[in-house]
Amino acid sequence: MSTAPSKNMPMNKPLHKRTPSQTDIAEFKDLTKRDALTRLQKTVNKLVLTAQPQSQKNTRAELDGFEQLFSRYLLDNVDQPSIDWQEIQPPPEGTVISYKKLIEANIDDAKDLLNKLIVVKLNGGLGTTMGCQGPKSVISVRSGLTFLDLNIQQLEQLNRTYGCDVPLVLMNSFNTHEETEKVLQKYSHVSVKIYNFNQSKYPRLDRETLLPVATSIEGSENECWYPPGHGDIYQAFYQSGLLDQFIEQGKEYMFLSNIDNLGATVDLYILKHLLTDQTKHEFVMEVTDKTRADVKGGTLIEYQNKLRLLEIAQVPKENVDEFKSVSKFRIFNTNNLWINLPAIKRVVEDKTLHMEIIVNHKTMEKGVNVIQLETASGAAIQSFEGAQGINVPRRRFLPVKTTSDLVLVMSNLFTLNRGNLVMNSQRSFPSVPLVKLGTCFNKVKDFLSRFQSIPDCLELDSLTVSGDVTFGKGVSLRGTVIIIANHGDRIDVPPGAILENKIVSGNLRILEH
């Protein structure tokens, strides 16, 4: 039905423009995306030509992976939460099992089990957040031993005890590779075979143009590049040639974890379960019960008939509080993963590996706003058969991300036994205290200068420290302790002090007698 203009409407005034239909908008967006992809491909082709002739083939293969990631980023409309909240279901019965069930097994074939395992540690991170230069794995965490020392000691003990051959594999980033290679020279005498490989090096994208900020492979500063998250492990491990090598040796599973998680040790009960259960589990994720400190951690759900990892970035804004609820989502991902090696080969070669894209917004030193497209290793759970979660004790999750974590690891809460941190038996409950140290403690050097000795934390529930605070020798902290030195004030906790359920504030300087 046509409508004539109203008689009252002046004929010289144009009619209101028809708002574009949804189809028009979709078509426009589609063209824009295709244009963005074409422009990116042209720029990447130019970048490849700036590489040394002998490395152009590898650079091309690496940047092909980046183009695929970018193409998915455009198609998936990643900036929007990707989950329909109404479709989320709790994991089906039997997909998350209790660790207690596993420890009933009798392990009389430890050597055979262990000979089918490789241990892979994520070693791409720098120690910058803790004020240290170089790879985070070379920060000293306990008794003068670094993360790397402790991991190697654990495997050395395992190989000696059972007469087996469990190798250590490090996934480095371009930020840590060179330094790690140097450090590894000092371990030539240990009874652990050590391998390392590099994860991919992808170009950061200008947020406005969606084009790489790097202008050449060799000449551009490191700041123009980024390692694309630990989800890159599958592709990078495959391309390194190590995956095929280990499969040929008869290895069946990798145990993958962050190098700074000091609780992530080889567990024979989990390994036995993987190698003997009637159901083939190609992917097992260790989860543990949430506490107030873990509300942002990813959790396992059933979504569209698959076991999936749900991360906070995928949650619609209005459902974030529900996601953080300890009563609704009771477990979270420790990022301790056990993955079948032939299955990794299959999903990479068949291109059936799917991980949600994480868009990380950063600002470069020169003020350019950039985006990094990343993936997380745990998100691949949906691509494997027989995937399962195992609810493990909290002791298997002991990450050291900040000096607040470091104070606990260095304290008498733990004893060190050949690379393994063991909770002190005098601690009356298994959870670790909640510790928040202020910005004065952020850097390891400043942190160490503020403690004459690490306090006794055996009976500590929670510690909050803010401002200019120092601790004398032999201090004991019990219950809930809050110490706040206001701006311009200083608090020196005297040697031998016992603080139990105390709030200390103001200005306190007590000289030693």
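Are Phe332 and Phe397 buried or exposed? Keep that in mind while you load the structure, which is a predicted model. We'll get to those two rings at the third stop.

**Stop 1: the mixed sheet**

Start by selecting the eight strands of the open sheet, in the order E1-E17-E11-E14-E10-E2-E5-E6. Colour them one by one and you'll find that the pairing is mixed. Now look at the two ends. Strand E1 (96–98) and strand E6 (194–198) are the edges: each has a single partner strand, so one side of each has no neighbour in the sheet. Neighbouring strands here are turned by 25° against each other on average, direction ignored.

Zoom in on strand E2 (residues 117–123) and strand E10 (residues 253–258). These two run parallel and are joined by 6 bridges. To check how they line up, pick Val120 and look across to E10: the residue opposite is Leu256. If you're wondering what holds such neighbours together, strands of a sheet pair through backbone hydrogen bonds, either parallel or antiparallel.

Next, switch on two helices.

- Helix H6 (residues 177–184) packs on the sheet and touches E2, strand E5 (168–172) and E6; its direction makes about 170° with that of E6.
- Helix H11 (residues 341–349) lies across E2, E10 and strand E14 (331–340), and runs at about 90° to E14.

**Stop 2: just past strand E6**

Stay with E6 and step on to Gln199, in the loop between E6 and strand E7 (202–203). Is Gln199 buried or exposed? Its relative accessibility is 8%, below the 20% cut-off, so Gln199 counts as buried. Show its side chain and you'll see that it reaches the backbone oxygen of Gly229 at 3.1 Å. Beyond its close sequence neighbours, Gln199 also touches a set of residues including Glu62, Met171, Asn172, Pro227, Asp232 and Ala236.

**Stop 3: the aromatic rings**

Now show the aromatic side chains; there are 16 aromatic pairs to hunt for. A pair of rings is described by the distance of the centres and the angle of the planes.

Select Phe197 and Phe237. Their ring centres are 5.3 Å apart and their planes are at 40°, so the pair is tilted. Phe197 sits in strand E6 and Phe237 in helix H7 (residues 233–240), so this pair ties together parts that are 40 residues apart in sequence. Phe197 counts as buried at 4% relative accessibility, and Phe237 is buried too, with a relative accessible area of 0%. Add Tyr195 and Phe246 to the selection: ring pairs link these residues with Phe197 and Phe237 into a cluster.

Time for the opening pair. The rings of Phe332 and Phe397 have their centres 5.1 Å apart and their planes at 80°, so this pair is edge-to-face. Phe332 lies in strand E14, while Phe397 lies in the loop between strand E17 (388–391) and helix H12 (403–410), so the pair ties together parts that are 65 residues apart in sequence. And the answer to the opening question: both Phe332 and Phe397 are buried.

**Stop 4: the nonpolar cores**

In soluble globular proteins, nonpolar side chains tend to be buried together. Here, the largest nonpolar core has 73 residues, and those with the most contacts inside it are Leu117, Leu148, Leu262, Val469, Phe471, Ile483 and Val493. The largest share of this core, 6 residues, comes from helix H5 (residues 147–162). Apart from this core lies another one, of 36 residues, among them Leu243, Met285, Ile331 and Met355.

Select Leu117 to see how busy its surroundings are. The residues it touches include Val166, Tyr253, Phe255, Leu271 and Trp338.

**Stop 5: a loop serine**

Jump to Ser220, in the loop between strand E8 (205–206) and strand E9 (225–226). At 12% relative accessibility, Ser220 counts as buried. Leaving aside neighbours within four places in sequence, Ser220 is in contact with Ala214, Thr215 and Trp225.

**Stop 6: the parallel sheet**

Finish with the open sheet of 4 strands, in the order E20-E21-E23-E25, where the pairing is parallel. Which strands are at the edges? They are strand E20 (434–437) and strand E25 (498–505), and each pairs on one side only. The twist averages 15° from one strand to the next. For a last close-up, pick E20 and strand E21 (residues 456–466), which are joined by 4 bridges. Val435 stands opposite Leu463 in E21.

Key: Residues are numbered from 1 along each chain as its sequence is written. This is a predicted model: local features need pLDDT of at least 70, side-chain atom pairs count only at pLDDT 80 or more; totals for chains, interfaces and linings use all residues. Side-chain values use heavy atoms; hydrogens and water are left out. Two strands pair if DSSP finds at least two bridges between them. Axes are lines fitted to C-alpha atoms, for helices over the stretch in contact, and angles run from 0 to 180 degrees between N-to-C directions. A nonpolar core is a set of buried Ala, Val, Leu, Ile, Met, Phe, Trp, Tyr and Cys residues joined through side-chain atoms within 4.5 Å. Buried means under 20% relative accessible area, exposed over 50%, partly exposed in between (1.4 Å probe, protein chains only). Contact means heavy atoms within 4.5 Å. A polar contact is a pair of N or O atoms within 3.5 Å; within protein, one must be able to donate a hydrogen and the other to accept it, and residues adjacent in sequence count only if both atoms are side-chain atoms. Rings of Phe, Tyr and Trp (its six-membered ring) pair if their centres lie within 6.5 Å; planes under 30 degrees apart count as stacked, over 60 as edge-to-face and the rest as tilted.
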